[in-house]
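Biologist: Please take a close look at how the aromatic side chains are packed, and then place a few single residues elsewhere in the chain for me. Plain wording and explicit cut-offs will do.

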Amino acid sequence: MMHIQHEAEERHVLTVTVDNEAGILAKIAGLFTARGYNIDSLTVADITENHALSRITIVTHGPPSQIDQIRAQLERLVPVHKVIDLTEVGPYVQRELALVKVTGVGEKRVEALRIAGVFRARPVDTTTGSFIFELTGAPDKIDSFVALMRELGLVEVGRTGIVAMIRGAEEA
């Protein structure tokens, strides 16, 4: 009898420094799509004063061999300058922004405000029947807040995706 060994899936946060040019995001997304890899989160931002470079933060998951393959493929793309796997480099900070719309009156409204205070979520829009809260933090903090709001009248969630940096003085 043959036993197939499956490698354990791991979550990885990759930062990719690229030339800030049209089509680079499509190339990177195409690389993932062509191989059937999933992108859990993707953010892009211009990082230089002269607008020459962008930093793409990609959160993905898979067995170690697949992550290695993703890194190798990214490093081969022409406009890519640097690929860093923050998960392997060392301790890093990750943050995400979410807007969370909640409806409710009476006790549910009071409870939504109380929980928002605990999570340091800030009301950025308020009507007599709803709130939109702004919340930043680690993805699990946002997941927890959304789960609690689901019980109180969650209507809609918008999330930016993760941005991350290695801890300490050096640049990654």
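Modeller: What follows begins with the aromatic rings and ends with single residues in strands and loops.

This is a predicted model, in which local features need pLDDT of at least 70 and side-chain atom pairs count only at pLDDT 80 or more, while totals for chains, interfaces and linings use all residues. Residues are numbered from 1 along each chain as its sequence is written, and side-chain values use heavy atoms, leaving out hydrogens and water.

A search of the whole structure gives four aromatic pairs. Rings of Phe, Tyr and Trp (its six-membered ring) pair if their centres lie within 6.5 Å; planes under 30 degrees apart are called stacked, those over 60 edge-to-face, and the rest tilted. Phe133 and Phe145 form an edge-to-face pair, with 5.9 Å from centre to centre and 90° between the planes. This pair links distant parts of the chain: Phe133 is in strand β7 (residues 130-137) and Phe145 in helix α5 (residues 139-150), twelve residues apart. Helices (H or I, at least four residues) and strands (E, at least two) are DSSP runs numbered from the N terminus. Phe133 has a relative accessibility of 0% and so counts as buried; Phe145 is also buried, with a relative accessible area of 0%. The classes are buried for under 20% relative accessible area, exposed for over 50%, and partly exposed in between, with a 1.4 Å probe and protein chains only. Ring pairs join Phe119, Phe131, Phe133 and Phe145 into a cluster.

Phe145 also takes part in the packing of two helices. Helix α4 (residues 106-118) and α5 pack at an angle of about 170°, and their axes are 10 Å apart. This makes α4 roughly antiparallel to α5. Axes are lines fitted to C-alpha atoms, for helices over the stretch in contact, and angles run from 0 to 180 degrees between N-to-C directions. Angles under 35 degrees count as roughly parallel, over 145 as roughly antiparallel, 65 to 115 as roughly perpendicular, and the rest as oblique. On the α4 side are Ala112, Ile115 and Ala116, which meet Phe145, Leu148 and Met149 in α5. By class, this contact has six nonpolar, no polar and no charged residues. Ala, Val, Leu, Ile, Met, Phe, Trp, Tyr, Cys and Pro count as nonpolar, Asp, Glu, Lys and Arg as charged, and the others, Gly among them, as polar.

In the loop between α4 and β6 (122-126) is Arg120. Arg120 is exposed, with a relative accessible area of 72%, and its phi is near 60°, a positive value in a residue other than glycine. His51, in the loop between β2 (39-46) and β3 (53-62), has a positive phi of about 65° and is not a glycine either.

The helix α5 region comes up again with Glu96, which lies in strand β5 (residues 92-103). Glu96 is buried, at a relative accessible area of 8%. Apart from neighbours within four places in sequence, Glu96 is in contact (heavy atoms within 4.5 Å) with residues including Pro139, Ile142, Arg159 and Gly161. A polar atom of the Glu96 side chain lies 3.4 Å from the backbone nitrogen of Gly161. A polar contact is a pair of N or O atoms within 3.5 Å; within protein, one must be able to donate a hydrogen and the other to accept it, and residues adjacent in sequence count only if both atoms are side-chain atoms.

Two more residues concern strand β9 and its surroundings. Val163 lies in β9 (residues 163-166) and counts as partly exposed at 45% relative accessibility. Val163 and Val44 are 119 residues apart in sequence, yet 8.7 Å apart in space, C-alpha to C-alpha. Arg55, in strand β3, is buried with a relative accessible area of 19%. The backbone oxygen of Ala164 lies 2.6 Å from a polar atom of the Arg55 side chain. Among the residues that Arg55 touches, not counting those up to four places away in sequence, are Thr15, Val44 and Met165.

Last comes His12 in strand β1 (residues 10-19). His12 is buried, with a relative accessible area of 2%. Its side chain makes polar contacts with the side chains of Glu10 at 2.8 Å and of Asp85 at 2.7 Å. The C-alpha atoms of His12 and Thr128 are 42 Å apart, with their positions 116 residues apart along the chain.
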